[in-house]
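Subject: Structure handover

Hello,

Here is the structure for your files. My notes on it follow below.

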Amino acid sequence: MTPTELKSCCAAVYESDFVRMLLGDSFHPGGLGLTQRLGELLALAPGQRVLDVASGKGESAIFLAREFGCEIVGVDFGRDNVARATAQAEKAGLSHLVTFQQGDAERLDFPDAAFDAVICECAFCTFPDKPTAAREFARILRKPGRIGLSDLTRPGPLPRDLEGLLAWIACIADARPVAEYAAYLEAAGFATPVIEPHDEALAQMARDIQGKLMGIELMVSLNKLDLPGTDLTQAKQLARAASEAIRAGLLGYSILTASCS
């Protein structure tokens, strides 16, 4: 599968009703609580222009604009996500502060030094070309702009059950050691990142997903829910393997923040 095909596949899955049932509107561990923490660490404030990369359905961007008063531009590979996020911003009365557009993290369609901060929540690990994405983040930041990443981490190899396309889409298969994420940022011109672990947020999300999968399976068995093309058995196996890996310390979650020097 080519990088473009992989991005399209990921975008299609994250636009699906099934994923929304599992994850709600906030597609990352810790939900808006960790989004709030990210905004605090970046010292977001009115007058700043912020880029939200892989903005999904816009939940974080809208929240940050409401909480910190900054202008947010969200970029997502999925066209449907962009349309839904735009509608949500209008519904929230924040379309004067929040806008969304389709785009690729590895080829951001913005001029140099266009933003004061960049955030990317639980998505950097899915980018096929991480060094290029990190350089793009640095390019579009004004000096001394700030970046905030939150993402899955792993200290070493993962079990075989956490390999393959479904695991990649679930942000697991290409999770990296936190030091490797830091190295990508430093190589792109950022200062040494500050790392803040949030492993419990990931563990709680895994427990929530397993519970929701049981409920969804029951609804399907009672013919009260139809999910054509969804392999619930495979999804349950992946969720079980991920939970075991988290308990064993093979998967974690961290926030990284750094300034662009």
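This is a predicted model: local features need pLDDT of at least 70, side-chain atom pairs count only at pLDDT 80 or more, and totals for chains, interfaces and linings use all residues. Residues are numbered from 1 along each chain as its sequence is written, and side-chain values use heavy atoms, with hydrogens and water left out.

Sheet. Seven strands (DSSP E runs of at least two residues, numbered from the N terminus, as are helices, H or I runs of at least four) form an open sheet with mixed pairing, in the order β3-β2-β1-β4-β5-β7-β6. Because β3 (98-102) and β6 (194-197) each have a single partner strand, one side of each has no neighbour in the sheet. Pairing requires at least two DSSP bridges between two strands. β1 (residues 49-53) and β2 (residues 71-76) run parallel and are joined by five bridges; V50 stands opposite I72 in β2.

Helices. α4 (residues 59-68) lies across β1, β2, β3 and β4 (115-121), at about 155° to β3. α8 (residues 178-187) packs on the sheet, touching β5 (141-153), β6 and β7 (252-259), and makes about 160° with β5. Contact means heavy atoms within 4.5 Å; angles run from 0 to 180 degrees between N-to-C directions of axes fitted to C-alpha atoms, for helices over the stretch in contact.

Cysteines. With a disulfide defined as a pair of cysteine sulfur atoms within 2.5 Å, the count is zero. C70 is buried (under 20% relative accessible area; exposed is over 50%, partly exposed in between; 1.4 Å probe, protein chains only), at 0% relative accessibility. C260 is also buried, at 3%.

Regards
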